[in-house]
Amino acid sequence: MNNLFATIPDHLPTELFDTLLETPSLRIERIISEGHTTAAGDWYDQSQHEWVVLVQGAARLQFEDEPHQRELKPGDYINIAAGARHRVTWTTPDKPTVWLAIHYGND
């Protein structure tokens, strides 16, 4: 047994990605951000669908085809379809933002 809040470093120079479970068509990962964002001009464009829930902290997501950012607070979740270009534009800078992401579907 493990805990999503275990082993969170006191300082995160880069975003932390931990794979919790992986099969050929499914990956569950914990992502920890602390003020981290997607680099300007970069977009995530994934070959698998991604269901993500924000567990702690806060964040903003921008989808390439939407004019407004989506704000996420603890408990908010979203399903991101494969190929939906998106980016993280803000995460809580003074404490860890903890995400649980489930990547699914065949590549």
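The exercises below, each with a worked solution, concern a predicted model of a protein.

**Exercise 1. Overall composition and dimensions**

Determine how many helices and strands the protein has, and decide whether its radius of gyration agrees with that of a compact globule.

Solution.

Step 1. Count the elements: there are 8 strands and 0 helices. Read along the sequence, the pattern is therefore β-β-β-β-β-β-β-β.

Step 2. Establish the expected value. For a compact globule of 107 residues, the radius of gyration would be near 13 Å.

Step 3. Compare. The protein has a radius of gyration of 13 Å, which agrees with the expectation.

Step 4. Add the dimensions. Along the principal axes, the C-alpha atoms fill a box of roughly 35 × 30 × 25 Å.

Step 5. Consider the surface and the interior. The accessible surface is about 6,400 Å², and carbon and sulfur atoms contribute 52% of this area. Of the 107 residues, 34% are buried.

Step 6. Consider the contacts. Among contacts with a separation of 6 or more, 67% are between residues 24 or more positions apart.

**Exercise 2. The sheet of five strands**

State the order of the strands in the sheet of 5 strands, and identify its edge strands.

Solution.

Step 1. Write the order: S1-S2-S8-S3-S6, an open sheet with antiparallel pairing.

Step 2. Find the edges. Strand S1 (16-23) and strand S6 (77-80) each pair on one side only, and these are the edge strands.

Step 3. Describe the twist, which averages 20° from one strand to the next.

Step 4. Recall a general principle: in a regular strand, side chains alternate between the two faces of the sheet.

**Exercise 3. The surroundings of strand S8**

Describe how S8 is joined to S2 and to S3, and explain why S8 is largely enclosed.

Solution.

Step 1. Examine the pairing with S2. Strand S2 (residues 26-33) runs antiparallel to S8, and 8 bridges join the two. In this pairing, Ser33 has Thr97 of S8 as its bridge partner.

Step 2. Examine the pairing with S3. Strand S3 (residues 49-56) and strand S8 (residues 97-104) are also antiparallel, with 7 bridges. Two bridge partners may be named: Val53 is matched with Leu100 of S8, and Leu54 is matched with Trp99 of S8.

Step 3. Assess burial. Of the 8 residues of S8, 6 are buried, so the strand is largely enclosed by the rest of the structure.

**Exercise 4. The sheet of three strands**

State the order of the strands in the sheet of 3 strands, and describe how S4 is joined to S5.

Solution.

Step 1. Write the order: S5-S4-S7, an open sheet with antiparallel pairing.

Step 2. Find the edges, which are strand S5 (70-72) and strand S7 (86-91), each pairing on one side only.

Step 3. Describe the twist: the average from one strand to the next is 25°.

Step 4. Examine the pairing of S4 with S5. The two strands run antiparallel and are joined by 3 bridges. Ala59 stands opposite Leu72 in S5.

**Exercise 5. Gln62 and Glu64**

Classify Gln62 and Glu64 as buried, partly exposed or exposed, and describe the polar contacts of their side chains.

Solution.

Step 1. Locate the residues. Gln62 belongs to strand S4 (residues 59-63), whereas Glu64 lies in the loop between S4 and S5.

Step 2. Apply the cut-off. A residue is buried under 20% relative accessible area and exposed over 50%, with partly exposed in between. Gln62, at 13%, is therefore buried. Glu64 has a relative accessible area of 44% and is therefore partly exposed.

Step 3. Describe the polar contacts. The side chain of Gln62 reaches the backbone oxygen of Glu66 at 2.6 Å. The side chain of Glu64 makes a polar contact of 2.8 Å with the side chain of Arg85.

Step 4. List the neighbours, leaving aside residues within four places in sequence. Those of Gln62 include Trp43, Pro67, His68 and Arg85. Glu64 touches Trp43 and Arg85. The C-alpha atoms of Glu64 and Trp43 are separated by 8.1 Å, although the two residues are 21 residues apart along the chain.

**Exercise 6. A residue before the first strand**

Locate Ile8 and name the residues with which Ile8 is in contact.

Solution.

Step 1. Ile8 is placed in the segment before S1.

Step 2. Beyond neighbours within four places in sequence, Ile8 is in contact with Arg30, Ile32, Pro96 and Val98.

Key
Residues numbered from 1 in each chain as written. Predicted model: local features only at pLDDT ≥ 70, side-chain atom pairs only at ≥ 80, totals over all residues. Heavy atoms only, no water. Pairing = 2+ DSSP bridges. Helix = DSSP H or I, 4+ residues; strand = E, 2+ residues; numbered from the N terminus. Axes fitted to C-alpha atoms, helices over the stretch in contact; angles between N-to-C directions. Rg over C-alpha atoms; globule rule 2.2 N^0.38 Å. Buried < 20%, exposed > 50% of the residue type's maximum accessible area, 1.4 Å probe, protein only. Contact = heavy atoms within 4.5 Å. Areas by Shrake-Rupley, 256 points an atom, 1.4 Å probe, with all protein chains shown as cover. Polar contact = N/O pair within 3.5 Å; in protein donor to acceptor, adjacent residues only side chain to side chain.
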